[in-house]
Every structure is written in C-alpha cells, then in structure tokens.
Amino acid sequence: MNGGYPAGPFAKGIAWVTVLYLILPITIVIPVSLTDQRYLSLPQQGLSLRYYANLLGSEAWLGAIWQSFWIALASTTLAVAAGTLCAIGCWRLGRRSTELVRALMLLPLIIPSIVYAIGLYRYFGKLDLLDRFLGVTLAHGVTGIPYVIITVSTALAAFDPRLEQAARGMGASLSQTLRWVILPRIMPGIASGAIFAFIHSWDELVMVLFIASRQVFTLPRKIWDGINENLDPTMAAVAVLLIVFTVLLLALDGALRTRRSG
Amino acid sequence: MSSAAAPALSVAAPAPSLPRFRNAGWWGLILPAFLLMTVFYLAPILQVLLISFTEPRPGLDNYERLFTSMGVQNVIETTLRICIITTAVSLALGYALSYVMALASPRAQRWWLLAVLVPLWISVLVRAFAWVTLLRRQGLVNEGLMGIGVIEEPLRLVWNEFGIVVGMVHYMVPYAVLPMLASMREIDPRLLAAARGLGASRFTAFRRVFLPLSAPGLVAAGVLVFIFSLGFYITPAILGGGKTLMAAEWIKLQILDLIRWGLGAMLATVLVVAILVTLAIFSRVVNLKRLFGGGA
C-alpha cells in the first residue's frame, strides 16, 4: 500500500488523540515511581529511587515475582508442547476434519475467564488442586494453548506440505519428520506462541483470585491487593518494571518475526 | 494470511491410496491438547452450566430470577449499557485510527501499529492502576486542574460508570483496530483518488467508497469488542470501586462472598450463551484466528 491518498486532517486529528490516549496514561507511572513523596504523586523536589529499592528489598514482592515467573514458565511449556503438536495435527489432517477440534481450542479466547474461574474453583476443590502450583499451572497452561495454536498455524500456512510428504515418502517416521523437517521450519511461530502464552500467564489474575490464596501468591494478585488496600508508590515502581518487561518480550517477538520474513 | 493456508488444504486431504490408519499418528498429535482442553477446560465450564440448573435445588428457579429479581435485572442493564457505550466509543476512535493507518506509508504504518500493540500487551492491572493514579480524587488530573484554577472541587472521575468506560475503552481500542485495519488494508487507496478525480468531495469519497468497503471489518470489530466487554472483570472492578456492578463482578460476589452458587452460575451461563449466540450470528464476518494471528 502506498501513501498516495493521505487521510484528511480530521481523521488524523482523532487518530493522534487516540494514540495519545492509549500511550500517555500508561507512561504516567514512570514519573510517579520516581517520586520523592510518601504518596502517589509526581516528584516535587527531586527524583528518588527509594521505591525501587523498596521493591527489590521486599520479600513479599520478590516472592510474588518469583512464583509468577515459575508458573508462567511451567504453563508456557505445557501450552507450547500441547499447542504445537495439535496445530501440526490439524494442519496435516485438513481443515474440514478438524473443524470441531480447532473451535474447541479457541474457546478460552472468547469465554470470559470469570466463568472458567468459578468452574475451576469448584472442580479443583474436588481434585485437591486449590492453592497449588500444579493447579495454577494447569489452568494457565490450558488457557495459553490458543495463543500457541494461532501463531504455529500461521507459521504452518507458509510451510510447503510437500516437504513433509517427501520426508515420509523417503521412509522417515512421524517423529523423525516432526523433529527434522517440520519443527525447525516453524520455530519462529512456536517462539512467538511461547512469548504470548508466557505473557498470558504472567498477567493472569481472574483465575488466580479463585484458585489460589496463600501458598500460591502471584504478582498480579499482589498488585490487585495493593490497588485495593494501599496505593503507595511502590506499586508504580512495579508497574514500570512490568511495562519494561512486556516491551522487551514484544521486541523479542518483533525480532523473531523480522527474521522469519527476512 | 488465511489465503496462504489454501495450498496446505488441498494437499492435506488424505490420498485415496493411503489406508485410514496412516492418519492415526496425526490424530495422536492432537490428543494431548484435546485431553487437556476437555478435562481441564471444558469440564469445569460445563459444570458451571450444570450448577445453574441444580443448585440450590433442581429446576429453573435461578433463571426465574431473570424476570423477577430487580437486582439481577439491574446488573444486566448496567452491563449492557456500559458495553454498548464502550463498543461505540472504541469503534469510533478505532475506526479513525485504522483509517489513518491504512492510508499511511508502510513506514508510518509500522509506528502506528506499535502504538496500538504495545498497550494491547501491557498488563491490564498496570493500566487500571495508571488510571486510578490519574483519575482519583487526589489524582493527577484533579490536582492539575485545581492547580491551574479550572475547578474548585475535585471532579468525580473514577469509582463510577465514567471511570469504567474510560478504562474499558482504553483496553478495547486495540481490539477494535486490528480487525478493522485488516479489512481496510485490502481497500485500494486508488479507488478514493479516483472518486476525488471524478469530482467527489473528500467526505463523499469516504462515505460512498471507503465506508461500505470497510463495513465488514467494522462489524467484526464491534462484535469482538462487545463480547470481550460483556465478561470483563478486572478493569470494571477496579475503576468501578464496587459501586457500579457489572456481570463479572456480580458473579464473583455471588460465589465468593454470598456463596450463592446457583445464581452466580446462572448469570455465568447467560453470559456464555449471549456470547456464543452473538458469535454465531456474526460468524461470517468474525474470524478470530485471523485477528489474533494477524496482529503484526
């Protein structure tokens, strides 16, 4: 597409206002996290890093970050393994015969997590999975599968199926074909899916509110309690670190995509 | 993106000479995800649907509340009102943004896209927190406005419907942009130039040429934003401050605080049915896969 027909000033004006509305409110947490005051405010006399020091010296915050990290890592592994294999299977078997399976796999994107969360609360109660690392990992892993399926399917759409048939024709077994022919080609798609599944788990709150309480206490849960109980500038420092982390992950994804297309 | 799948499809049909069981291996690949999804996703959700009919006693009592209970009706009305306003505002802002993006040079388009995608992936909690910092009584907006003397008393910007809508629109605009942008990218800008050349004003060219061609994307975006808004929990809970209850928070209240499983499950079921029905009606224009896969 070229810029041969530029948009008019009115549309451009609204577009700029919208982008500023999307970006500016998020960036406000940066100066607030550097405040020298005791409450949520802009810095008055000078900048201070004490809320970052607070955060990094706090057992509670570090513990929550650590737990979130491990849960995200474990659930991403689960989502990537199951999602990648499923996407490959659906791709090879064709659209029509796997219609239902693919619809099922995308359900977590459209069913509100509150509905799933209350279901899990009851279901995990019976399975003794409440407030357990395994329970949260399973919940996050299962709901992370759609992200992997979508990115891997997109990568597979660009993959020539004759390569797979050639490999099978020359006597490669299914696992050999997977390992040596298909997987290397769709690696960027898998990595992309992994990044999104990771962010999904890392940010997930609604399920955690229901299925975790004391033993498992993730970062979003800690932020939630902070917002509802005491709004102190340490929260802004956490927010800044989270923003930086997300931007880094997205940059990584962007780099992978550029390599794939280049 | 979706058209690229077509060659894969035609070859993927099993060759007639192959016996059926040759496909068993490929079905085996689907199995782990399928089992995980049925046992740990579908089963808990079906259980919710079931509870809505069985607790506190078997029957349709919970559903009767839809017609008799003012509380339930209020929640549904509030939810629908906020969702409709959110959808309308998100579509209006998102449409202008996608229009400008679709007509921009590829280089400019990448920057615009970045400005849409980064907020999309930033934690919803972080964003709600930022809005609280800005909008609360002693927040930066009120302090700023009072500082320069525009207002005497702090405005009530949050912990009401206004705050919820501000936060929800902020969350939904990227979801509105992606499907609209995907459909607008397929419109040839030379059509607009041609319309202008034939004497149409800028507005007429837009209304008679661009708007009809972008309508499918607009509808898809509307459906998507609406169904995401219906069950949204975090932002309304934080920015509503417990005073304005939307469906998701009401469900949480019934189950965690009042232990009324049947009622909570009933509204959850209504939510799921409403979403699935909306999707079914518009299934021809909404392609979830393309939307999420086509982000960048």
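**Entry 1. Helix as a term, and one span of chain B**

I take a helix to be a DSSP run of H or I that covers at least four residues. With that in hand, I looked up residues 259-282 of chain B and found the span to be 88% helix and 0% strand. Its end C-alpha atoms lie 36 Å apart. I note at the outset that the model is predicted.

**Entry 2. Transmembrane annotation of chain B**

I consulted the UniProt record, an unreviewed entry, for the label "transmembrane region". The record places it on residues 26-53, 79-104, 111-132, 162-182, 217-239 and 259-282 of chain B. I then examined residues 162-182 of chain B, which are 100% helix and 0% strand. The end C-alpha atoms of residues 162-182 are separated by 30 Å.

**Entry 3. Chain B overall**

I counted secondary structure elements in chain B and obtained 14 helices and zero strands. I also checked burial: 46% of the 296 residues of chain B count as buried. For contacts in chain B between residues at least 6 apart in sequence, I found that 77% join residues at least 24 apart.

**Entry 4. Domain annotation in both chains**

I looked up "domain: ABC transmembrane type-1" for each chain. In chain A, the unreviewed UniProt entry assigns this label to residues 65-253. That span is 83% helix and 0% strand, and its end C-alpha atoms lie 22 Å apart. In chain B, the label is listed by UniProt, again from an unreviewed entry, for residues 76-282. I found the chain B span to be 80% helix and 0% strand, with its end C-alpha atoms 22 Å apart.

**Entry 5. Contacts between the chains**

I recorded 83 residues of chain B in contact with 84 residues of chain A. On the chain B side, helix α2 (residues 24-54) supplies the largest share, 17 residues. I sorted the chain B residues that touch chain A by type and obtained 67 nonpolar, ten polar and six charged.

**Entry 6. The largest nonpolar core**

I traced the largest nonpolar core and found 175 residues in it. A:Cys86, A:Val115, A:Ile211, A:Ala239 and B:Ala268 have the most contacts inside this core. Helix α8 (residues 161-184) of chain B gives the most to the core, with 16 residues.

Which residues are in contact with B:Ala268, leaving aside its neighbours within four places in sequence? In chain A, I found A:Ile114, A:Val115 and A:Ile118. In chain B, I found B:Val48 and B:Ile251. I note that A:Val115 is also named among the residues with the most contacts inside the core.

Note on methods:
Residues numbered from 1 in each chain as written. Chains lettered and ligands numbered in written order. Predicted model: local features only at pLDDT ≥ 70, side-chain atom pairs only at ≥ 80, totals over all residues. Contact = placed C-beta atoms within 7 Å. Helix = DSSP H or I, 4+ residues; strand = E, 2+ residues; numbered from the N terminus. Nonpolar A, V, L, I, M, F, W, Y, C, P; charged D, E, K, R; others polar. UniProt positions renumbered as here; feature names shortened; annotations may be inferred. Buried ≥ 20, exposed ≤ 12 C-beta atoms within 10 Å, placed from the backbone. Core = buried A, V, L, I, M, F, W, Y, C linked by C-beta atoms within 7 Å.
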